[in-house]
Amino acid sequence: MSPSSAERPLQRFSKDYLERCRDLAPQDIVRFLEDFRMLHGQARARSRLISMRVPEPLLAAFQARARLVCVPYQTQIKKLMRDWLEEQ
């Protein structure tokens, strides 16, 4: 049974986020929707916390690029891991 609309969380978007979304190309929107479907269409697996050392300039650059495309950087790391495994 799905939760009623009163039980669903309300997602709020900042003005900055909405402004950046207005500039997205149609193919970027389609890519986001497909990624979202693939990510959430699968059964939820347990996650494990890991620790790894990454050079600070590399991490800072990665985080900055992830912000530009409105993707959390850890989500992008997991996507890269999945993509790499699917190539094999």
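Is Lys-79 buried, partly exposed or exposed, and what is its relative accessible area? In this predicted model, Lys-79 is partly exposed, with a relative accessible area of 24%. The cut-off for a buried residue is under 20%, so the value for Lys-79 falls outside that class.

The side chain of Lys-79 takes part in a salt bridge with that of Asp-83, with an N to O distance of 2.8 Å. Both residues belong to helix α4, which spans residues 73-87. Lys-79 and Asp-83 are four residues apart in this helix, which means that about one helical turn separates them. Asp-83 has a relative accessibility of 29% and also counts as partly exposed.

In total, four salt bridges are present in the structure. In general terms, side chains of opposite charge can pair when their charged atoms come close. Two further pairs are described here, one in helix α1 and one in helix α2.

In helix α1 (residues 15-22), the pair consists of Arg-22 and Glu-19. The closest N and O atoms of this salt bridge are 2.8 Å apart. The two residues are three positions apart in the helix, so their separation is about one helical turn. The partners fall into separate accessibility classes: Arg-22 is exposed, at 58% relative accessible area, whereas Glu-19 is partly exposed, at 44%. The boundary for the exposed class is over 50%, which is why Arg-22 is assigned to that class and Glu-19 is not.

Helix α2 covers residues 26-40 and contains both Asp-28 and Arg-31. A salt bridge joins Asp-28 to Arg-31, with 3.1 Å between the closest N and O atoms. The spacing is three residues, or about one turn of the helix. Asp-28 is partly exposed, with 28% of relative accessible area, and Arg-31 is likewise partly exposed, with a relative accessibility of 48%.

Helix α2 also holds Ile-29. This residue contributes to a nonpolar surface patch of about 480 Å², together with Leu-24, Phe-32, Leu-33 and Phe-36. Ile-29 has a relative accessible area of 39% and is partly exposed. Patch residues must have over 30% relative accessible area, so Ile-29 meets this requirement while remaining in the partly exposed class.

Notes
Residues numbered from 1 in each chain as written. Predicted model: local features only at pLDDT ≥ 70, side-chain atom pairs only at ≥ 80, totals over all residues. Heavy atoms only, no water. Buried < 20%, exposed > 50% of the residue type's maximum accessible area, 1.4 Å probe, protein only. Patch = residues over 30% accessible without salt bridge, like charges linked within 9 Å, V, L, I, M, F, W, Y side chains within 5 Å. Areas by Shrake-Rupley, 256 points an atom, 1.4 Å probe, with all protein chains shown as cover.
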